[in-house]
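User: Please go through this model with me, one question at a time, and state each cut-off when its term comes up.

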Amino acid sequence: MSPSAEPMPAPVRLVDVSDAVLEQLLTVAIQDADADEVTPPLGSAAGWNSERISWFREYHHAAAGLDGPAQQKSWAISCDGKLVGSIRLKRTGEGTLETGIWLGRSFRGQGIAREALRLVIGRAAASGAAVLEADTTAGNTAALVLLRSAGALLDEGHASGDAAVPVKARIPLR
């Protein structure tokens with residue numbers, strides 16, 4: 001048997017976000033991710049400020065289930081027993097869910113995001129959704145490669161050299 005050209009990532013799991021997991025996930029985010037990759041712009045200070053930290057905690061507390069008031073679910077991503085980032089599902093319409101993901105910088109490029117997306121696609125399909133959507137930008141080449149690898153159809157809008165141009169990805173689930 002010949003060795004694979006691409007190394008297999010360590011086991012990846014989606015972990016429910018309990019209070020203890022939330023604090024570990026927040027530590028990963030603060031130490032290993034840019035605040036703009038994880039939260040909306042909040043507060044007057046750049047980077048990880050008190051407003052962003054509060055939002056992070058409130059968001060994960062609210063994202064407790066697709067059938068709950070927020071109609072979204074977030075998970076911590078665990079790789080080889082270590083928390084490395086987060087992924088979510090959100091109901092956005094009849095038969096449509098949206099996903100988003102972030103990983104700490106030191107965990108990128110190892111196939112972890114691809115495996116986490118595969119797992120969340122399975123959860124989305126099991127929920128009965130017909131389509132999984134994701135929003136990114138033309139400049140986020142890693143996200144575009146990841147989404148294409150999952151079979152996403154990309155609506156890249158008007159052709160432009162602007163990296164901030166929005167891109168909508170749609171992954172058919174049935």
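**Charged pairs, a helix crossing and backbone angles**

User: At what relative accessibility does Asp 135 stand, and in which class does that place the residue?

Analyst: Asp 135 has a relative accessibility of 46%, to be read against a scale on which buried means under 20% relative accessible area, exposed over 50% and partly exposed in between, with a 1.4 Å probe and protein chains only. This is a predicted model, in which local features need pLDDT of at least 70 and side-chain atom pairs count only at pLDDT 80 or more, while totals for chains, interfaces and linings use all residues. Residues are numbered from 1 along each chain as its sequence is written, and side-chain values use heavy atoms, with hydrogens and water left out. At 46%, therefore, Asp 135 is partly exposed.

User: Which residues share a salt-bridge network with Asp 135?

Analyst: A salt bridge here is a side-chain nitrogen of Lys or Arg within 4 Å of a carboxyl oxygen of Asp or Glu, and Lys 168 meets this with Asp 135, the closest N and O atoms being 3.0 Å apart. Lys 168 lies in strand E8 (residues 166–172) and Asp 135 in strand E6 (residues 131–137), so the pair ties together parts 33 residues apart in sequence; helices (H or I, at least four residues) and strands (E, at least two) are DSSP runs numbered from the N terminus. Through shared partners, the salt bridges place Asp 135 in one network with Glu 133, Lys 168 and Arg 170.

User: How many residues apart in sequence are the parts tied together by Asp 16 and Lys 73?

Analyst: Asp 16 and Lys 73 form a salt bridge whose closest N and O atoms are 2.8 Å apart. Asp 16 belongs to strand E1 (residues 12–16) and Lys 73 to strand E3 (residues 72–79), so the separation in sequence is 57 residues.

User: Which partner of Arg 91 forms a salt bridge with that residue?

Analyst: The closest N and O atoms of this pair are 3.1 Å apart. The pair links distant parts of the chain, with Arg 91 in strand E4 (residues 82–93) and its partner 24 residues apart, in the loop between strand E2 (64–65) and E3. Arg 91 is partly exposed at 27%, whereas the partner, at 72%, is exposed. That partner is Asp 67.

User: How is helix H4 oriented to H5, roughly parallel or oblique?

Analyst: The axes of H4 (residues 112–126) and H5 (residues 141–149) come within 10 Å and cross at roughly 45 degrees, where axes are lines fitted to C-alpha atoms, for helices over the stretch in contact, and angles run from 0 to 180 degrees between N-to-C directions. Contact, meaning heavy atoms within 4.5 Å, is made by Ala 113, Arg 114 and Leu 117 of H4 and Leu 146, Leu 147 and Ser 149 of H5. Angles under 35 degrees count as roughly parallel, over 145 as roughly antiparallel, 65 to 115 as roughly perpendicular and the rest as oblique. The crossing angle therefore makes H4, relative to H5, oblique.

User: What is the phi of Asp 80, about how many degrees?

Analyst: Most residues other than glycine have a negative phi. Asp 80, in the loop between E3 and E4, is exposed with a relative accessible area of 58%. Although Asp 80 is not a glycine, its phi is positive, at about 55 degrees.
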